[in-house]
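How does one justify the words used to describe a protein structure? The dialogue below takes up that question for a single example.

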Amino acid sequence: MTGVGIFDQDLLVIDRSRLPEPGQVVIAVLNSEPLVKIFDRQHDQVLLRSANPHFAPRYLLEGDELSVWGVVSYSIRSHGHY
């Protein structure tokens, strides 16, 4: 998700009280797989986009189970060494 400023090892602060709106970054679980994606809608269909243009959008299919944990409000980056 580097295209939206989220890098490996960043900590994400999410707001679980907000419903996702198109274009917002969310923490979601799709079919038991946790994801960080851009929430979007197209013709009343939900889809999850990557910030990397090399990955195609993931349209929700019949039988998919999606749970949005929250909307990303902040990302925190450590500049120390692990």
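The questions and answers that follow concern a predicted model.

Q: What makes up the protein, in terms of helices and strands?
A: The protein has zero helices and six strands. From the N terminus on, the elements run β-β-β-β-β-β.

Q: What is the order of the strands in the sheet, and in which sense do they pair?
A: The six strands form an open sheet in the order β1-β6-β2-β3-β4-β5, and the pairing is antiparallel. In general, strands of a sheet pair through backbone hydrogen bonds.

Q: Why are β1 and β5 called edge strands?
A: Each of the two, β1 and β5 (58–59), pairs on one side only.

Q: How do you know that β2 and β3 pair?
A: Pairing requires at least two bridges between two strands. β2 and β3 are joined over six bridges, in the antiparallel sense, so the requirement is met. As an example of a bridge, Val 26 has Lys 37 in β3 as its partner.

Q: What makes the contact between Arg 77 and Asp 10 a salt bridge?
A: The cut-off is a side-chain nitrogen of Lys or Arg within 4 Å of a carboxyl oxygen of Asp or Glu. In this pair the closest N and O atoms are 3.2 Å apart, and therefore the contact qualifies. Arg 77 lies in the segment after β6 and Asp 10 in the segment before β1, so the salt bridge ties together parts that are 67 residues apart in sequence.

Q: Why is Asp 10 called buried, and what is Arg 77 called?
A: Buried means under 20% relative accessible area, and partly exposed lies between that value and 50%. Asp 10 has 14% and therefore counts as buried, whereas Arg 77, at 36%, is partly exposed.

Q: How many salt bridges does the structure hold, and which other pairs form them?
A: The structure holds three salt bridges. Arg 49 meets Asp 40 at 2.7 Å, N to O, and Arg 58 meets Asp 64 at 2.7 Å, N to O. Asp 40 is buried, with a relative accessible area of 16%. Arg 49, at 26%, is partly exposed, and Arg 58, at 29%, is partly exposed as well.

Q: Which residues make up the largest nonpolar core, and which elements supply them?
A: This core has eight residues: Val 26, Ala 28, Leu 30, Leu 35, Phe 39, Val 46, Leu 48 and Val 71. The elements that give two or more residues are β2 (25–30), β3 (33–42) and β4 (45–49), and the largest share, three residues, comes from β2. Leaving aside neighbours within four places in sequence, Leu 30 is in contact with residues including Leu 35, Leu 48 and Arg 58. A second, separate core of six residues includes Ile 6, Ile 38, Ala 51 and Val 72.

Q: Why is Tyr 74 called exposed?
A: Exposed means over 50% relative accessible area. Tyr 74 has 58%, and is therefore exposed. Tyr 74 is found in strand β6.

Q: Which residues share a nonpolar surface patch with Tyr 74?
A: Leu 11, Val 13 and Ile 76 make the patch together with Tyr 74, and the patch covers about 410 Å². The elements that give two or more residues to the patch are β1 (11–15) and β6 (66–76).

Technical notes: Residues are numbered from 1 along each chain as its sequence is written. This is a predicted model: local features need pLDDT of at least 70, side-chain atom pairs count only at pLDDT 80 or more; totals for chains, interfaces and linings use all residues. Side-chain values use heavy atoms; hydrogens and water are left out. Patches are made of residues with over 30% relative accessible area and no salt bridge: like charges are joined within 9 Å, nonpolar side chains (Val, Leu, Ile, Met, Phe, Trp, Tyr) within 5 Å. Accessible areas come from the Shrake-Rupley method with a 1.4 Å probe; for residues, only the protein chains shown count as cover. Helices (H or I, at least four residues) and strands (E, at least two) are DSSP runs, numbered from the N terminus. Buried means under 20% relative accessible area, exposed over 50%, partly exposed in between (1.4 Å probe, protein chains only). A nonpolar core is a set of buried Ala, Val, Leu, Ile, Met, Phe, Trp, Tyr and Cys residues joined through side-chain atoms within 4.5 Å. Contact means heavy atoms within 4.5 Å.
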